[in-house]
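Subject: Structure handover

Hello,

Please find the structure below, with the sequence alongside. My notes come after it.

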Amino acid sequence: MIIHLKDSIGPEQAEQLAAAHKAVFFKKNETFVLVLPSAIKEVPTELESVTEGAWVSESDIQLAARTYRDEVREVTWGNTRVGGNSNNTVVIAGPCSAESMEQLEITAQLLKDTGISNLRAGCYKPRTSPYSFQGLGLKGLKMLAEMREKYGFAIVTEVRDATHVEEVIEYADVVQIGAKSMYDHGILRRCGKANKPVLLKRGFGSTLQEFVQCAEFILSGGNEQVMLCERGIRTFETKTRFTLDLCGAAYLKQYTNLPVILDPSHAMGYSYGVPDLTRACMALGVDGLLIETHPSPPKALSDASQQLNHDEFRALMTSLQPLAKALNRNLI
Ligand code: PEP
Ligand code: MN
């Protein structure tokens, strides 16, 4: 159950009430919010006089649930707005990894030509092998900051583990938490205290319930700016890298109040299928698309097989425009 305390309740009293009721609490504008376990369905008698509003939750999807807020939250950074009543579908694009200034400069040109203002590239890569390229780390973050400075892009980049979460929060405009880090509570809790939007990717072996509960860790830390990213789950199928859970995306849109971003690149794993899959995502009317593109995919240091080359990316963007129009969405 979610309880908004009356504005007259100060921090000490809120803390005491939270402790007494085993609740998580945080401050939202001038109001303290208590989140009690979802098994509690009625405002406890001792809290009645201090309660301004209360919401019953079906499960521990609470702050992210439509039963709490019956609209999609608006998440904003720089000039980008998603959710709310924006009708925007944001394209977040770039190479899997930041590799060199030259690579980023060529990518910057592509983004400028196609009117995209969100550059995504990883600097701390959660690789499946310790012998593969691990990312440029801080050096890469500094290169991305240079791109922001020079071209005005917003930077989306991922945090792999809690050892460099401060660095990524400092350099990124949007902090991406990768699929393999979805359950890293150090990252989740730190991001809950951050004043930056967070793009949380679904672990490929996680249920929707588990996924959204991870978002609850961030929301209940007081950070309202969370977006959910479906990027494919593992099924029995081996012909594609993962299986993009479009049913799951429909569920998230219906039952949560968080913007939904789809990542056809990691789901498909092979560039040939990415354009069709992206159009299918677009047809779902989602809040954003995450697409990997590289100046020379065969030479990419990570995720080479799934990245579109720049001609393919341009063609994809052109093909999305009429779909966006038909769906009354602004592709930004
Ligand atoms: C990525 O976005 O490059 C990435 C590593 O994706 P995921 O965390 O979804 O595997
Ligand atoms: Mn990748």
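The notes below cover a metal site, a helix pair and two backbone angles. Please keep in mind that this is a predicted model.

Metal site

The manganese ion (ligand 2) has four residues listed as its donors: Cys96 through SG, His266 through NE2, Glu292 through OE and Asp303 through OD, at 2.1 to 2.4 Å. Along the sequence these donor residues follow the spacing C-x169-H-x25-E-x10-D. Cys96 sits in the loop between strand S7 (88–94) and helix H2 (101–113), while Asp303 sits in the loop between strand S14 (288–292) and helix H10 (310–326), so this pair ties together parts that are 207 residues apart in sequence.

Are these two donors buried or exposed? Cys96 has a relative accessibility of 1% and counts as buried. Asp303, at 15%, also counts as buried, because the cut-off for buried is under 20% relative accessible area.

Helix pair

The two helices named above, H2 and H10, also meet each other. Their axes come within 11 Å and cross at roughly 15 degrees. That angle makes H2 roughly parallel to H10, because angles under 35 degrees count as roughly parallel. The crossing of H2 and H10 is right-handed.

Which residues make the contact between H2 and H10? From H2 they are Ile106, Thr107, Leu110 and Asp113, and from H10 they are His310, Phe313 and Arg314. Sorted by class, this contact has 3 nonpolar, 2 polar and 2 charged residues.

Backbone angles

Most residues other than glycine have a negative phi. Two residues to look at in this respect are Lys22 and Asn87, each with a positive phi.

Lys22 has a phi near 50 degrees. This lysine lies in the loop between helix H1 (11–20) and strand S2 (24–28). With a relative accessible area of 72%, Lys22 is exposed, because the cut-off for exposed is over 50%.

Asn87 has a phi near 60 degrees. Its place is the loop between strand S6 (80–82) and S7. Asn87 counts as partly exposed, at 34% relative accessibility.

Strand S7 therefore turns up in two of these notes: the loop between S7 and H2 holds the manganese donor Cys96, and the loop between S6 and S7 holds Asn87.

Regards

Technical notes: Residues are numbered from 1 along each chain as its sequence is written. Chains are lettered from A and ligands numbered from 1 in the order in which they are written. This is a predicted model: local features need pLDDT of at least 70, side-chain atom pairs count only at pLDDT 80 or more; totals for chains, interfaces and linings use all residues. Side-chain values use heavy atoms; hydrogens and water are left out. Donors are N, O and S atoms within 2.8 Å of the metal (3.2 Å for Na, K and Ca); water is not among the atoms, so sites may look incomplete. Helices (H or I, at least four residues) and strands (E, at least two) are DSSP runs, numbered from the N terminus. Buried means under 20% relative accessible area, exposed over 50%, partly exposed in between (1.4 Å probe, protein chains only). Axes are lines fitted to C-alpha atoms, for helices over the stretch in contact, and angles run from 0 to 180 degrees between N-to-C directions. Angles under 35 degrees count as roughly parallel, over 145 as roughly antiparallel, 65 to 115 as roughly perpendicular and the rest as oblique. A crossing is left-handed if the near helix is turned anticlockwise from the far one by less than a right angle, and right-handed if clockwise. Contact means heavy atoms within 4.5 Å. Ala, Val, Leu, Ile, Met, Phe, Trp, Tyr, Cys and Pro count as nonpolar, Asp, Glu, Lys and Arg as charged, and the others, Gly among them, as polar.
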